[in-house]
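Welcome, and thanks for taking a look at this one with me. Here are a few notes to help you find your way around.

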Amino acid sequence: MSIIELLASVFLLLVPLFFYLTKKSRSKASSKSNPNLPKSYPLIGSSVAIFANRNRRIQWTSDLIQISPTATVVLRRFLNDSRVLTGNPANVQHILKTKFCDYEKGSKARQSVFDFLGNGIFNIDGDSWKFQRQVSSHEFNTKSLRKFVEIVVDTEVSQRLIPILSTAAANNTVLDLQDILQRFAFDNICKIAFGYDPAYLLPDLPETEFAKTFDEAAKISSGRFATLLPFLWKIKRFLNTGSEKRLKEACSDLREFARNIIKEKKQELSNKPSLETVDLLSRFLSSGHSDEDFVTDIVISFILAGRDTTSAALTWYFWLLSQNPEIEKEILREIKDKSESPVYDEVKDMVYTHASLCESMRLYPPVPIDGKVALRDDVLPDGTVIKKGMRVSYHPYAMGRLEMLWGPDWEEFKPDRWLQRAGDGVGNDGQVELCREGPILLPRFSGRSKDLFG
Ligand code: HEM
(Lines give C-alpha, C1' and ligand atoms only; values in the text may rest on other atoms or scores of the structure.)
Protein backbone atom coordinates (compact mmCIF):
# COMPACT_ATOMS: atom_id res chain seq x y z
CA MET A 1 0.00 0.00 0.00
CA SER A 2 1.38 3.41 -0.96
CA ILE A 3 1.65 6.22 1.55
CA ILE A 4 -1.23 8.09 -0.14
CA GLU A 5 -3.48 5.03 0.12
CA LEU A 6 -2.53 4.64 3.74
CA LEU A 7 -3.32 8.29 4.53
CA ALA A 8 -6.63 8.06 2.67
CA SER A 9 -7.65 4.97 4.66
CA VAL A 10 -6.76 6.67 7.91
CA PHE A 11 -8.77 9.72 6.83
CA LEU A 12 -11.77 7.56 5.90
CA LEU A 13 -11.62 5.92 9.30
CA LEU A 14 -11.29 9.21 11.13
CA VAL A 15 -14.27 11.00 9.49
CA PRO A 16 -17.01 8.70 10.87
CA LEU A 17 -15.15 8.43 14.15
CA PHE A 18 -15.09 12.25 14.38
CA PHE A 19 -18.88 12.52 13.84
CA TYR A 20 -19.55 9.65 16.23
CA LEU A 21 -17.49 11.20 19.00
CA THR A 22 -18.81 14.74 18.37
CA LYS A 23 -22.36 13.42 18.70
CA LYS A 24 -21.45 11.45 21.80
CA SER A 25 -19.73 14.31 23.56
CA ARG A 26 -22.57 16.71 22.57
CA SER A 27 -25.18 14.39 24.08
CA LYS A 28 -23.06 13.95 27.21
CA ALA A 29 -22.52 17.66 27.58
CA SER A 30 -26.22 18.35 27.32
CA SER A 31 -27.15 15.60 29.78
CA LYS A 32 -25.13 17.20 32.55
CA SER A 33 -23.74 20.53 31.50
CA ASN A 34 -21.27 22.35 33.69
CA PRO A 35 -20.37 25.64 32.00
CA ASN A 36 -17.36 25.98 34.30
CA LEU A 37 -15.61 22.93 32.85
CA PRO A 38 -12.77 23.43 30.33
CA LYS A 39 -13.73 23.06 26.67
CA SER A 40 -13.92 19.45 25.50
CA TYR A 41 -13.23 18.55 21.86
CA PRO A 42 -13.91 15.35 19.92
CA LEU A 43 -11.11 12.78 20.21
CA ILE A 44 -8.88 14.87 22.48
CA GLY A 45 -11.44 15.88 25.14
CA SER A 46 -10.02 18.55 27.44
CA SER A 47 -6.40 17.52 26.84
CA VAL A 48 -5.45 21.06 25.73
CA ALA A 49 -6.53 22.54 29.08
CA ILE A 50 -5.06 19.61 31.00
CA PHE A 51 -1.73 20.12 29.27
CA ALA A 52 -1.81 23.90 29.76
CA ASN A 53 -2.36 23.41 33.50
CA ARG A 54 0.05 20.48 33.95
CA ASN A 55 2.32 22.44 36.31
CA ARG A 56 -0.55 23.60 38.55
CA ARG A 57 -2.71 20.49 38.35
CA ILE A 58 -3.75 20.42 42.02
CA GLN A 59 -4.79 24.09 42.17
CA TRP A 60 -6.48 23.98 38.76
CA THR A 61 -8.56 20.86 39.53
CA SER A 62 -9.34 22.26 42.97
CA ASP A 63 -10.66 25.47 41.35
CA LEU A 64 -12.91 23.37 39.08
CA ILE A 65 -14.24 21.31 42.01
CA GLN A 66 -14.84 24.41 44.13
CA ILE A 67 -17.18 25.92 41.54
CA SER A 68 -19.00 22.68 40.73
CA PRO A 69 -22.44 22.50 42.45
CA THR A 70 -21.81 18.87 43.46
CA ALA A 71 -18.06 19.32 44.16
CA THR A 72 -17.40 16.74 41.45
CA VAL A 73 -16.10 17.18 37.90
CA VAL A 74 -15.62 14.79 35.01
CA LEU A 75 -12.62 15.59 32.80
CA ARG A 76 -12.40 13.99 29.37
CA ARG A 77 -9.01 13.10 27.97
CA PHE A 78 -7.91 11.34 24.76
CA LEU A 79 -10.48 9.04 23.12
CA ASN A 80 -13.17 9.70 25.68
CA ASP A 81 -11.05 8.42 28.57
CA SER A 82 -12.85 10.15 31.44
CA ARG A 83 -11.56 10.98 34.91
CA VAL A 84 -13.76 11.82 37.84
CA LEU A 85 -12.40 14.23 40.46
CA THR A 86 -14.37 14.74 43.62
CA GLY A 87 -14.21 16.71 46.84
CA ASN A 88 -17.72 15.66 47.82
CA PRO A 89 -17.50 14.00 51.28
CA ALA A 90 -20.36 11.58 50.56
CA ASN A 91 -18.55 10.40 47.39
CA VAL A 92 -15.24 10.05 49.24
CA GLN A 93 -16.86 7.90 51.91
CA HIS A 94 -18.46 5.81 49.15
CA ILE A 95 -15.15 5.16 47.35
CA LEU A 96 -12.93 4.61 50.40
CA LYS A 97 -15.38 2.90 52.75
CA THR A 98 -18.90 1.87 51.66
CA LYS A 99 -17.85 0.49 48.25
CA PHE A 100 -14.20 -0.11 49.13
CA CYS A 101 -14.22 -3.51 47.34
CA ASP A 102 -15.45 -1.95 44.08
CA TYR A 103 -12.44 0.35 43.68
CA GLU A 104 -8.82 -0.71 43.28
CA LYS A 105 -5.46 0.95 42.60
CA GLY A 106 -5.67 0.18 38.89
CA SER A 107 -3.15 -1.08 36.36
CA LYS A 108 -2.04 2.29 34.95
CA ALA A 109 -1.09 3.68 38.37
CA ARG A 110 0.39 0.35 39.34
CA GLN A 111 2.59 0.16 36.25
CA SER A 112 3.74 3.78 36.57
CA VAL A 113 5.11 3.35 40.08
CA PHE A 114 6.01 -0.34 39.94
CA ASP A 115 9.75 0.16 39.42
CA PHE A 116 9.77 2.41 42.50
CA LEU A 117 7.26 0.76 44.88
CA GLY A 118 7.06 -2.80 43.55
CA ASN A 119 4.36 -4.75 45.37
CA GLY A 120 4.46 -2.55 48.49
CA ILE A 121 1.22 -1.64 50.29
CA PHE A 122 0.62 1.51 48.22
CA ASN A 123 0.75 -0.39 44.96
CA ILE A 124 -1.13 -3.60 45.56
CA ASP A 125 -4.69 -4.84 46.02
CA GLY A 126 -6.20 -8.13 47.18
CA ASP A 127 -4.63 -10.63 49.56
CA SER A 128 -1.15 -9.14 49.56
CA TRP A 129 -2.59 -5.71 50.47
CA LYS A 130 -4.67 -7.32 53.24
CA PHE A 131 -1.62 -9.08 54.67
CA GLN A 132 0.53 -5.93 54.62
CA ARG A 133 -2.29 -3.92 56.12
CA GLN A 134 -2.76 -6.44 58.93
CA VAL A 135 0.93 -6.51 59.86
CA SER A 136 1.19 -2.70 59.59
CA SER A 137 -1.90 -2.10 61.71
CA HIS A 138 0.05 -3.16 64.85
CA GLU A 139 2.11 -0.05 64.27
CA PHE A 140 -0.96 2.08 64.99
CA ASN A 141 -2.23 0.56 68.24
CA THR A 142 -1.97 2.56 71.48
CA LYS A 143 1.15 0.75 72.70
CA SER A 144 3.03 1.39 69.44
CA LEU A 145 1.85 5.00 69.25
CA ARG A 146 3.08 5.56 72.81
CA LYS A 147 6.48 4.16 71.74
CA PHE A 148 6.29 6.27 68.57
CA VAL A 149 5.81 9.48 70.59
CA GLU A 150 8.60 8.52 72.99
CA ILE A 151 11.09 7.83 70.20
CA VAL A 152 10.24 11.12 68.50
CA VAL A 153 10.27 13.26 71.65
CA ASP A 154 13.06 11.62 73.69
CA THR A 155 15.61 11.41 70.95
CA GLU A 156 14.82 13.24 67.74
CA VAL A 157 13.13 16.32 69.25
CA SER A 158 15.14 16.72 72.47
CA GLN A 159 18.55 15.67 71.28
CA ARG A 160 18.51 16.86 67.67
CA LEU A 161 15.73 19.24 66.60
CA ILE A 162 15.65 21.58 69.60
CA PRO A 163 19.47 21.99 69.87
CA ILE A 164 19.67 22.84 66.15
CA LEU A 165 16.79 25.34 66.36
CA SER A 166 18.05 26.99 69.55
CA THR A 167 21.61 27.31 68.24
CA ALA A 168 20.27 28.94 65.08
CA ALA A 169 18.09 31.27 67.19
CA ALA A 170 21.03 32.22 69.44
CA ASN A 171 23.31 32.90 66.46
CA ASN A 172 20.61 34.53 64.37
CA THR A 173 21.21 31.99 61.60
CA VAL A 174 18.59 31.49 58.90
CA LEU A 175 17.57 27.83 58.56
CA ASP A 176 15.77 26.07 55.74
CA LEU A 177 12.98 24.71 57.92
CA GLN A 178 11.59 22.50 55.15
CA ASP A 179 14.95 20.73 54.83
CA ILE A 180 15.28 20.41 58.63
CA LEU A 181 11.80 18.89 58.89
CA GLN A 182 12.46 16.44 56.06
CA ARG A 183 15.59 15.23 57.87
CA PHE A 184 13.58 15.06 61.10
CA ALA A 185 10.79 13.01 59.48
CA PHE A 186 13.25 10.72 57.70
CA ASP A 187 15.11 9.85 60.91
CA ASN A 188 11.80 9.27 62.71
CA ILE A 189 10.23 6.95 60.16
CA CYS A 190 13.41 4.86 59.86
CA LYS A 191 13.69 4.57 63.64
CA ILE A 192 10.03 3.75 64.18
CA ALA A 193 9.49 1.38 61.27
CA PHE A 194 12.89 -0.32 61.01
CA GLY A 195 14.69 0.41 64.28
CA TYR A 196 17.41 2.05 62.14
CA ASP A 197 18.85 5.54 62.65
CA PRO A 198 20.07 7.30 59.47
CA ALA A 199 21.10 10.35 61.59
CA TYR A 200 20.26 12.96 58.95
CA LEU A 201 19.37 15.63 61.53
CA LEU A 202 22.84 16.29 62.89
CA PRO A 203 24.22 19.81 63.52
CA ASP A 204 26.50 19.67 60.45
CA LEU A 205 23.45 18.73 58.31
CA PRO A 206 25.14 15.82 56.48
CA GLU A 207 24.54 15.09 52.79
CA THR A 208 21.22 13.29 52.36
CA GLU A 209 22.15 11.38 49.24
CA PHE A 210 19.60 8.66 49.80
CA ALA A 211 16.77 11.14 50.47
CA LYS A 212 17.60 13.00 47.24
CA THR A 213 17.57 9.75 45.26
CA PHE A 214 14.26 8.89 46.87
CA ASP A 215 12.76 12.27 45.80
CA GLU A 216 14.00 11.80 42.27
CA ALA A 217 12.49 8.30 41.97
CA ALA A 218 9.16 9.54 43.40
CA LYS A 219 9.10 12.53 41.03
CA ILE A 220 9.90 10.57 37.86
CA SER A 221 7.39 7.84 38.78
CA SER A 222 4.57 10.32 39.40
CA GLY A 223 5.50 12.11 36.16
CA ARG A 224 4.93 8.81 34.35
CA PHE A 225 1.46 8.63 35.79
CA ALA A 226 0.48 12.24 35.09
CA THR A 227 1.57 12.26 31.44
CA LEU A 228 -1.01 12.38 28.67
CA LEU A 229 1.15 10.09 26.52
CA PRO A 230 2.11 7.08 28.66
CA PHE A 231 3.69 5.23 25.73
CA LEU A 232 6.50 7.82 25.74
CA TRP A 233 7.93 6.75 29.09
CA LYS A 234 7.68 3.12 28.00
CA ILE A 235 9.73 3.86 24.88
CA LYS A 236 12.27 5.82 26.95
CA ARG A 237 12.49 2.95 29.42
CA PHE A 238 13.00 0.46 26.58
CA LEU A 239 15.81 2.64 25.22
CA ASN A 240 17.15 3.27 28.75
CA THR A 241 17.48 6.98 28.14
CA GLY A 242 16.83 10.34 29.88
CA SER A 243 14.65 10.33 32.99
CA GLU A 244 13.99 6.60 32.63
CA LYS A 245 17.72 5.85 32.77
CA ARG A 246 17.95 8.00 35.91
CA LEU A 247 14.92 6.25 37.45
CA LYS A 248 16.52 2.86 36.88
CA GLU A 249 19.72 3.99 38.62
CA ALA A 250 17.78 5.64 41.47
CA CYS A 251 15.63 2.54 42.08
CA SER A 252 18.70 0.33 42.12
CA ASP A 253 20.34 2.63 44.76
CA LEU A 254 17.15 2.68 46.84
CA ARG A 255 16.83 -1.09 46.81
CA GLU A 256 20.45 -1.45 47.83
CA PHE A 257 19.87 0.92 50.78
CA ALA A 258 16.73 -1.01 51.81
CA ARG A 259 18.50 -4.37 51.44
CA ASN A 260 21.27 -3.20 53.80
CA ILE A 261 18.72 -2.22 56.45
CA ILE A 262 17.06 -5.65 56.05
CA LYS A 263 20.41 -7.47 56.28
CA GLU A 264 21.27 -5.68 59.53
CA LYS A 265 17.84 -6.40 60.96
CA LYS A 266 18.07 -10.12 60.06
CA GLN A 267 21.43 -10.26 61.79
CA GLU A 268 20.00 -8.53 64.85
CA LEU A 269 17.03 -10.93 64.92
CA SER A 270 19.25 -14.01 64.64
CA ASN A 271 21.40 -12.83 67.57
CA LYS A 272 18.44 -11.81 69.70
CA PRO A 273 15.26 -13.55 68.49
CA SER A 274 12.90 -11.78 70.93
CA LEU A 275 13.65 -8.10 70.56
CA GLU A 276 12.45 -5.76 73.28
CA THR A 277 10.88 -3.30 70.90
CA VAL A 278 9.32 -4.93 67.91
CA ASP A 279 9.47 -2.60 64.93
CA LEU A 280 7.51 -3.04 61.74
CA LEU A 281 10.39 -4.58 59.80
CA SER A 282 10.97 -7.23 62.49
CA ARG A 283 7.25 -8.03 62.35
CA PHE A 284 7.38 -8.60 58.61
CA LEU A 285 10.57 -10.63 58.82
CA SER A 286 9.07 -12.83 61.57
CA SER A 287 5.75 -13.27 59.75
CA GLY A 288 7.02 -16.04 57.48
CA HIS A 289 6.95 -13.75 54.40
CA SER A 290 10.59 -12.82 54.39
CA ASP A 291 11.17 -12.92 50.61
CA GLU A 292 13.81 -10.23 50.10
CA ASP A 293 12.15 -8.38 47.20
CA PHE A 294 8.87 -8.26 49.09
CA VAL A 295 10.41 -6.87 52.28
CA THR A 296 12.44 -4.37 50.21
CA ASP A 297 9.16 -3.08 48.68
CA ILE A 298 7.75 -2.72 52.19
CA VAL A 299 10.74 -0.71 53.43
CA ILE A 300 10.49 1.69 50.46
CA SER A 301 6.71 2.07 50.89
CA PHE A 302 7.07 2.96 54.55
CA ILE A 303 9.70 5.59 53.88
CA LEU A 304 7.28 7.08 51.35
CA ALA A 305 4.37 6.85 53.83
CA GLY A 306 6.12 8.52 56.72
CA ARG A 307 8.63 11.01 55.38
CA ASP A 308 7.04 13.49 53.02
CA THR A 309 3.62 13.34 54.67
CA THR A 310 4.79 14.34 58.14
CA SER A 311 7.41 16.82 56.93
CA ALA A 312 4.96 18.54 54.53
CA ALA A 313 2.36 18.70 57.33
CA LEU A 314 4.87 20.27 59.74
CA THR A 315 6.31 22.71 57.21
CA TRP A 316 2.88 24.15 56.37
CA TYR A 317 1.96 24.11 60.04
CA PHE A 318 4.89 26.31 61.08
CA TRP A 319 4.30 28.58 58.11
CA LEU A 320 0.65 29.06 59.13
CA LEU A 321 1.69 29.74 62.74
CA SER A 322 4.14 32.37 61.55
CA GLN A 323 1.19 34.10 59.83
CA ASN A 324 -1.15 33.73 62.84
CA PRO A 325 0.64 34.90 66.03
CA GLU A 326 -2.57 34.77 68.15
CA ILE A 327 -2.97 31.07 67.44
CA GLU A 328 0.71 30.48 68.12
CA LYS A 329 0.26 32.15 71.53
CA GLU A 330 -2.66 29.87 72.38
CA ILE A 331 -0.62 26.78 71.47
CA LEU A 332 2.33 27.92 73.60
CA ARG A 333 -0.07 28.45 76.51
CA GLU A 334 -1.39 24.90 76.16
CA ILE A 335 2.13 23.46 75.95
CA LYS A 336 3.12 25.27 79.18
CA ASP A 337 -0.05 24.03 80.96
CA LYS A 338 0.49 20.39 80.05
CA SER A 339 4.23 20.04 80.36
CA GLU A 340 4.03 18.35 83.79
CA SER A 341 2.39 15.12 82.52
CA PRO A 342 4.26 12.13 80.99
CA VAL A 343 5.05 12.68 77.32
CA TYR A 344 2.28 10.58 75.74
CA ASP A 345 -0.51 11.87 78.01
CA GLU A 346 0.80 15.37 77.51
CA VAL A 347 0.40 15.07 73.75
CA LYS A 348 -2.97 13.30 74.02
CA ASP A 349 -4.50 16.13 76.06
CA MET A 350 -3.36 19.00 73.86
CA VAL A 351 -6.72 19.58 72.24
CA TYR A 352 -6.01 23.06 70.88
CA THR A 353 -2.71 21.96 69.32
CA HIS A 354 -4.47 18.90 67.88
CA ALA A 355 -7.22 21.12 66.41
CA SER A 356 -4.62 23.47 64.92
CA LEU A 357 -2.88 20.54 63.21
CA CYS A 358 -6.19 19.35 61.74
CA GLU A 359 -6.91 22.86 60.55
CA SER A 360 -3.48 23.13 58.96
CA MET A 361 -3.97 19.83 57.11
CA ARG A 362 -7.43 20.98 55.98
CA LEU A 363 -5.79 23.85 54.09
CA TYR A 364 -2.60 22.03 53.10
CA PRO A 365 -3.21 18.27 53.10
CA PRO A 366 0.08 16.38 52.60
CA VAL A 367 -1.69 14.02 50.15
CA PRO A 368 -3.67 16.58 48.14
CA ILE A 369 -5.12 14.10 45.64
CA ASP A 370 -5.35 10.31 45.40
CA GLY A 371 -7.36 7.97 43.25
CA LYS A 372 -8.75 4.57 42.50
CA VAL A 373 -10.17 2.73 39.50
CA ALA A 374 -13.75 1.39 39.37
CA LEU A 375 -13.98 -2.39 39.10
CA ARG A 376 -17.60 -2.20 37.92
CA ASP A 377 -20.24 0.33 36.83
CA ASP A 378 -21.46 2.43 39.74
CA VAL A 379 -23.26 5.66 40.64
CA LEU A 380 -21.71 7.98 43.24
CA PRO A 381 -23.97 9.45 45.96
CA ASP A 382 -24.09 12.80 44.10
CA GLY A 383 -25.41 11.05 40.95
CA THR A 384 -22.13 10.93 38.98
CA VAL A 385 -22.22 7.90 36.69
CA ILE A 386 -19.12 5.72 36.89
CA LYS A 387 -18.21 3.22 34.18
CA LYS A 388 -16.07 0.17 34.85
CA GLY A 389 -12.38 1.08 34.44
CA MET A 390 -12.89 4.82 35.09
CA ARG A 391 -10.40 6.55 37.37
CA VAL A 392 -12.06 8.27 40.32
CA SER A 393 -9.84 10.63 42.31
CA TYR A 394 -10.69 12.14 45.67
CA HIS A 395 -9.26 15.58 46.28
CA PRO A 396 -8.59 16.49 49.95
CA TYR A 397 -7.06 19.82 48.91
CA ALA A 398 -10.31 20.88 47.19
CA MET A 399 -12.42 19.39 49.96
CA GLY A 400 -10.73 21.65 52.51
CA ARG A 401 -11.63 24.66 50.36
CA LEU A 402 -15.32 24.07 49.75
CA GLU A 403 -17.34 27.07 50.84
CA MET A 404 -20.42 24.85 51.01
CA LEU A 405 -18.70 22.72 53.64
CA TRP A 406 -16.66 25.22 55.66
CA GLY A 407 -18.59 28.43 55.16
CA PRO A 408 -17.53 31.79 53.69
CA ASP A 409 -14.48 31.97 55.99
CA TRP A 410 -12.98 28.76 54.56
CA GLU A 411 -9.74 30.58 53.69
CA GLU A 412 -9.07 31.45 57.34
CA PHE A 413 -6.89 29.35 59.61
CA LYS A 414 -9.28 28.73 62.51
CA PRO A 415 -8.51 25.76 64.80
CA ASP A 416 -11.78 26.49 66.61
CA ARG A 417 -13.69 24.74 63.82
CA TRP A 418 -12.52 21.47 65.34
CA LEU A 419 -13.44 22.32 68.93
CA GLN A 420 -16.54 22.48 71.03
CA ARG A 421 -16.65 24.43 74.28
CA ALA A 422 -18.74 24.27 77.45
CA GLY A 423 -21.17 26.80 75.94
CA ASP A 424 -21.90 24.35 73.10
CA GLY A 425 -23.38 22.00 75.71
CA VAL A 426 -20.25 19.95 76.29
CA GLY A 427 -18.25 19.20 79.44
CA ASN A 428 -17.71 21.42 82.47
CA ASP A 429 -17.29 25.16 82.42
CA GLY A 430 -14.32 26.27 80.43
CA GLN A 431 -13.65 22.75 79.15
CA VAL A 432 -12.70 22.44 75.52
CA GLU A 433 -12.99 19.21 73.56
CA LEU A 434 -12.37 18.10 70.02
CA CYS A 435 -15.59 17.65 68.01
CA ARG A 436 -16.04 13.92 67.57
CA GLU A 437 -18.56 11.51 66.20
CA GLY A 438 -17.51 8.17 67.65
CA PRO A 439 -13.78 7.78 67.03
CA ILE A 440 -13.87 10.21 64.08
CA LEU A 441 -12.96 13.88 64.37
CA LEU A 442 -15.79 15.79 62.77
CA PRO A 443 -15.39 19.56 62.58
CA ARG A 444 -18.27 22.01 62.75
CA PHE A 445 -19.39 22.37 59.15
CA SER A 446 -21.39 25.22 57.63
CA GLY A 447 -25.18 24.99 57.51
CA ARG A 448 -25.03 24.33 53.76
CA SER A 449 -22.87 21.22 54.15
CA LYS A 450 -25.97 19.01 54.13
CA ASP A 451 -26.23 19.72 50.39
CA LEU A 452 -23.05 17.69 49.98
CA PHE A 453 -23.60 15.05 52.65
CA GLY A 454 -27.05 14.34 51.17
C1 HEM B 1 0.62 13.73 58.25
C2 HEM B 1 0.96 12.49 58.05
C3 HEM B 1 0.23 11.53 57.13
C4 HEM B 1 -0.77 11.75 56.21
C5 HEM B 1 -1.45 13.05 55.85
C6 HEM B 1 -1.07 10.47 55.61
C7 HEM B 1 -2.04 10.30 54.61
C8 HEM B 1 -2.34 9.09 54.02
C9 HEM B 1 -3.30 8.89 52.95
C10 HEM B 1 -4.17 9.99 52.32
C11 HEM B 1 -3.30 7.60 52.63
C12 HEM B 1 -4.13 6.91 51.55
C13 HEM B 1 -5.37 6.36 52.17
C14 HEM B 1 -6.26 5.62 51.20
O15 HEM B 1 -6.20 5.84 49.99
O16 HEM B 1 -7.04 4.81 51.68
C17 HEM B 1 -2.34 6.95 53.50
C18 HEM B 1 -2.05 5.62 53.48
C19 HEM B 1 -1.12 5.01 54.30
N20 HEM B 1 -0.35 5.61 55.26
FE21 HEM B 1 -0.36 7.54 55.78
N22 HEM B 1 -0.26 9.52 56.16
C23 HEM B 1 0.55 10.12 57.08
C24 HEM B 1 1.53 9.54 57.85
C25 HEM B 1 1.81 8.19 57.85
C26 HEM B 1 2.85 7.56 58.65
C27 HEM B 1 3.78 8.28 59.64
C28 HEM B 1 2.81 6.25 58.35
C29 HEM B 1 3.66 5.12 58.86
C30 HEM B 1 4.28 5.05 59.99
C31 HEM B 1 1.75 6.04 57.36
C32 HEM B 1 1.41 4.83 56.82
C33 HEM B 1 0.47 4.66 55.83
C34 HEM B 1 0.19 3.37 55.21
C35 HEM B 1 0.85 2.05 55.54
C36 HEM B 1 -0.80 3.59 54.24
C37 HEM B 1 -1.39 2.59 53.28
C38 HEM B 1 -2.73 2.15 53.77
C39 HEM B 1 -3.36 1.16 52.85
O40 HEM B 1 -3.19 1.17 51.62
O41 HEM B 1 -4.10 0.37 53.38
N42 HEM B 1 1.18 7.24 57.08
N43 HEM B 1 -1.77 7.88 54.33
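1. How far is an oxygen atom of the ligand from an N or O atom in the side chain of Trp-129? In this predicted model, the two atoms are 2.8 Å apart.

2. Two other side chains are worth a look at the ligand. An N or O atom in the side chain of Arg-133 lies 2.5 Å from a ligand oxygen. For the side chain of Tyr-394, the corresponding distance to an oxygen atom of the ligand is 2.9 Å.

3. Now step back to the whole shell. The ligand has 18 residues around it, and those that come nearest are Trp-129, Arg-133, Thr-309, Asp-370 and Tyr-394. Sorted by class, the shell holds twelve nonpolar, three polar and three charged residues.

4. Which helix gives the most to this shell? Helix 13 does, with six residues. Helix 6 (126–137) also supplies at least two.

5. Next, the interior. The largest nonpolar core counts 37 residues, and Ile-65 and Leu-402 have the most contacts inside it. Several elements each bring at least two residues to this core, including helix 3 (57–67), strand 1 (72–76) and helix 13 (292–323). Helix 16 gives the most, with five residues.

6. Try centring your view on Ile-65. Beyond its neighbours within four places in sequence, Ile-65 touches Ala-71, Val-73, Leu-85, Thr-86, Gly-87, His-395, Ala-398 and Leu-402. Apart from the largest core there is another, with 36 residues, among them Ile-261, Leu-280, Leu-285 and Ile-300.

How values were computed
Residues are numbered from 1 along each chain as its sequence is written. This is a predicted model: local features need pLDDT of at least 70, side-chain atom pairs count only at pLDDT 80 or more; totals for chains, interfaces and linings use all residues. Side-chain values use heavy atoms; hydrogens and water are left out. A nonpolar core is a set of buried Ala, Val, Leu, Ile, Met, Phe, Trp, Tyr and Cys residues joined through side-chain atoms within 4.5 Å. Buried means under 20% relative accessible area, exposed over 50%, partly exposed in between (1.4 Å probe, protein chains only). Helices (H or I, at least four residues) and strands (E, at least two) are DSSP runs, numbered from the N terminus. Contact means heavy atoms within 4.5 Å. A residue is near a molecule or strand if one of its heavy atoms lies within 4 Å of it. A polar contact is a pair of N or O atoms within 3.5 Å; within protein, one must be able to donate a hydrogen and the other to accept it, and residues adjacent in sequence count only if both atoms are side-chain atoms. Ala, Val, Leu, Ile, Met, Phe, Trp, Tyr, Cys and Pro count as nonpolar, Asp, Glu, Lys and Arg as charged, and the others, Gly among them, as polar.
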